[in-house]
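Reader: I'd like to go through this one with you. Could you take my questions in turn?

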Amino acid sequence: MLVDILKPLVVVFVVLNFIPLLIWFERKGSAYIQDRRGPNRAAILGIRLGGMLHNLADVVKLLTKEDIVPTRAHRFFYFIAPMIAMFVATVTIGVIPFAAPLAIGERSFTFQVADLNAGLLYVLAMGSLGVYGVMLAGWAANNNYTMLGGLRASAQMISYEVAMGLAVVALLLSAGTVNLTAIVEAQRGPLWAWYGFTQPLALVLFCTALLAETNRNPFDLPEGESELVAGYHTEYSSMKFALFFMAEYAHIVVGACLITALFAGGWHIPWIDWAYVRQQLELFVRPTLVGFGVCSMLVGGLLCRRFLRRYSTARYGDLRDYESLVFGIGGLLAGIGVLGAAALLPDDLSIAPFTRDLLVALAQISVFLTKVVFFCWCFIWVRWTLPRFRYDQLMRLGWKVMVPLALANIAVTAAIVALG
Amino acid sequence: MEAFLFYIFAIVTAGLSLLVILQPNAVGAAMSLVGAFFGIAALFVLMQAHFVAVMQILLYAGAIMVFFIFVVMMLNLEPKQLRWRTITGSRLIGGSAAIYLLGLLLVALLERRPVGAGASAVWGGEPVEGTVEAVGELLLSQYIVPFEVTSITLLVAIIGAVTMGKREL
């Protein structure tokens, strides 16, 4: 019982903690891609964490900002719209399986909130509700710009939902199930067992539709600032605006989780069988520790080198100068510690069955989340690389290119499944 | 527990359905209808019909109502005051149809029906769990004719809407 209550909390906690990470990715990524400076000021005692601390400054600003409600707004829907946006963005995570189900005695413990029989349909159903937050926000604020933004968003999201649903159908045909755990389990084995390789067209269509659903570049017409000020959230300020902002990033995280589970093998590593890993876990402990130690020493060494180079040429003249030295020496020491632990490890190591299960599950979760971080980065990469579509181009792409392609993909897949 | 949840969702659904017709604001009415659909989906979940529940949200709340609200927002209707309306020909027909439906439902409600073990004898066929596989198999074997007829009817409706909406094709 307690587990059933804790699971949703933990999962939502994970999603919410991805948001600052993604904002950091976005700022640093845009700075590197467009060759400009990222966040480099906000610091506590000289610690900036590479701009990560800038998020704290954002939070303080958004929480203390005045919350303005337009006089002619429809108050109820004005208040509820950001909540709907955030709710819809996070609720889909409930059916994502983060690791293989674990058998504890008689019972089986799943690493997802609810193992629904209609898992994928639930994802599509909740995804289709996302449009309400945007639409109501645009309408309730009683402003022409927000109204246009809301209308654009709803037209765009409805159009691309069709392509998204059809792209997934082809995947379902080859998987033969809509249960997400079963879909991930079907991708065990070599790299080409991943549906991303057997269904490349479905992957491309799904990712494109997902970009449109999250209202991100190149599909961010609903908030096109050159035409609509800020689109549907023009009239929102303070934490209500922040909720829309967070919902966008939560949507990215959930979308990346979906791509991982559906197309990139979920918790599987190509050619590695988790049952074998569980059996021979002792063999993997030492190499893993050595790997961690070497990586930690490498990062620490690079940070120390950076300190030495910066100290003579580009100095801030305050505590910020010593940040990389502190973290660099810390990393070096941690690396030496981990390597020492690896050396001191007894040769006849034996791990209890329960710990064994737990370690394997942890490894699976790490694999899953690593893939999620990679796909999140892809979203940001696309945003800072591609220009925005024009509205007629967007509609033509959705209805005249993506939907026919998805239908053709379904036909071909169905023929192959029926013959094979 | 189940009965308790049933009453909660039933009251929410009925209350929101009443709001649909009592709200002067068109967007408000449409959003109440969305809420009512969620209540109905919850009732389906209580009956173990997960597939139908998800479809209820996916199709009605996620697709059809979005179009409703889209059109309402496009027309930008002002909230109208409720007022008494006179009885005319078309309203008479509509009203009689509504009363007929109400009567039918009342008859169905008042007639005693066996519940539980004896129900399958009356309804014909065993109750099946509402999984995707079970519903899909029934739809494509026993009920294939109504299923296909429905899809053709929908196709006809779409073509009709396009020809009516677009004068020159």
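## Folds, rings and sulfurs

Author: Sure. Going along its sequence, chain B reads α-α-α-α-α-α-α. Keep in mind that this is a predicted model.

Reader: How many helices and strands does chain B have?

Author: The pattern of chain B, α-α-α-α-α-α-α, has already been given. Put as counts, chain B has 7 helices, and its strands number 0.

Reader: And what share of the residues of chain B count as buried?

Author: Buried here means under 20% relative accessible area. Chain B has 169 residues, and the share that count as buried is 22%.

Reader: What area is buried between chain B and chain A?

Author: On the contact side, 24 residues of chain B meet 23 residues of chain A. Carbon and sulfur atoms give 81% of the area buried between the two chains, and that area is about 2,100 Å².

Reader: How many salt bridges does the rule find across the interface of chain B and chain A?

Author: The rule asks for a side-chain nitrogen of Lys or Arg within 4 Å of a carboxyl oxygen of Asp or Glu. Across the interface of chain B and chain A, the number found is 0.

Reader: On to the rings. Why is the pair of A:Phe98 and A:Phe368 edge-to-face?

Author: A search of the whole structure turns up 17 aromatic pairs over all chains. For A:Phe98 and A:Phe368 the ring centres are 5.2 Å apart. Planes over 60 degrees apart count as edge-to-face, and the planes of A:Phe98 and A:Phe368 are at 65 degrees, so this pair is edge-to-face.

Reader: How many residues apart are A:Phe98 and A:Phe368?

Author: Both A:Phe98 and A:Phe368 are buried. A:Phe98 is in the loop between helix 3 (75-91) and strand 1 (102-104) of chain A, while A:Phe368 is in helix 14 (residues 353-383). The pair thus links distant parts of the chain, 270 residues apart.

Reader: Is B:Tyr7 buried or exposed?

Author: B:Tyr7 pairs edge-to-face with B:Phe6, at 5.4 Å centre to centre and 70 degrees between the planes. B:Phe6 is partly exposed, with a relative accessible area of 39%. The cut-off for exposed is over 50%; B:Tyr7 has 52% relative accessibility, so B:Tyr7 counts as exposed.

Reader: Which residue lies over the face of A:Trp384?

Author: Chain A also has an aromatic cluster formed by A:Trp24, A:Phe25, A:Trp377 and A:Trp381. As for A:Trp384, the residue over its face is 5.7 Å from the ring centre, and that residue is A:Arg36.

Reader: Why is there no bond from the sulfur of A:Cys376 to the closest cysteine sulfur?

Author: The search of the whole structure gives 0 disulfides over all chains. A:Cys376 is buried, with a relative accessible area of 0%. A disulfide needs sulfur atoms within 2.5 Å; the closest cysteine sulfur to that of A:Cys376 is in A:Cys257, and it is too far for a bond because the distance is 7.2 Å.

Reader: And how far is the sulfur of A:Cys304 from the closest cysteine sulfur?

Author: A:Cys304 counts as buried too, at 14% relative accessibility. The closest cysteine sulfur is that of A:Cys295, and it is too far for a bond, at 16 Å.

Reader: Last one: which helix holds A:Arg356?

Author: A:Arg356 is buried, with a relative accessible area of 12%. Leaving aside residues up to four places away in sequence, A:Arg356 touches A:Arg278, A:Gln279, A:Leu281, A:Glu282 and A:Ile351. Its place in chain A is helix 14.

Notes:
Residues numbered from 1 in each chain as written. Chains lettered and ligands numbered in written order. Predicted model: local features only at pLDDT ≥ 70, side-chain atom pairs only at ≥ 80, totals over all residues. Heavy atoms only, no water. Phe/Tyr/Trp six-rings, centres within 6.5 Å; stacked < 30°, edge-to-face > 60°. Helix = DSSP H or I, 4+ residues; strand = E, 2+ residues; numbered from the N terminus. Buried < 20%, exposed > 50% of the residue type's maximum accessible area, 1.4 Å probe, protein only. Lys NZ or Arg CZ within 6 Å of the ring centre and 35° of its normal. Contact = heavy atoms within 4.5 Å. Buried area = accessible area lost by both parts, 1.4 Å probe.
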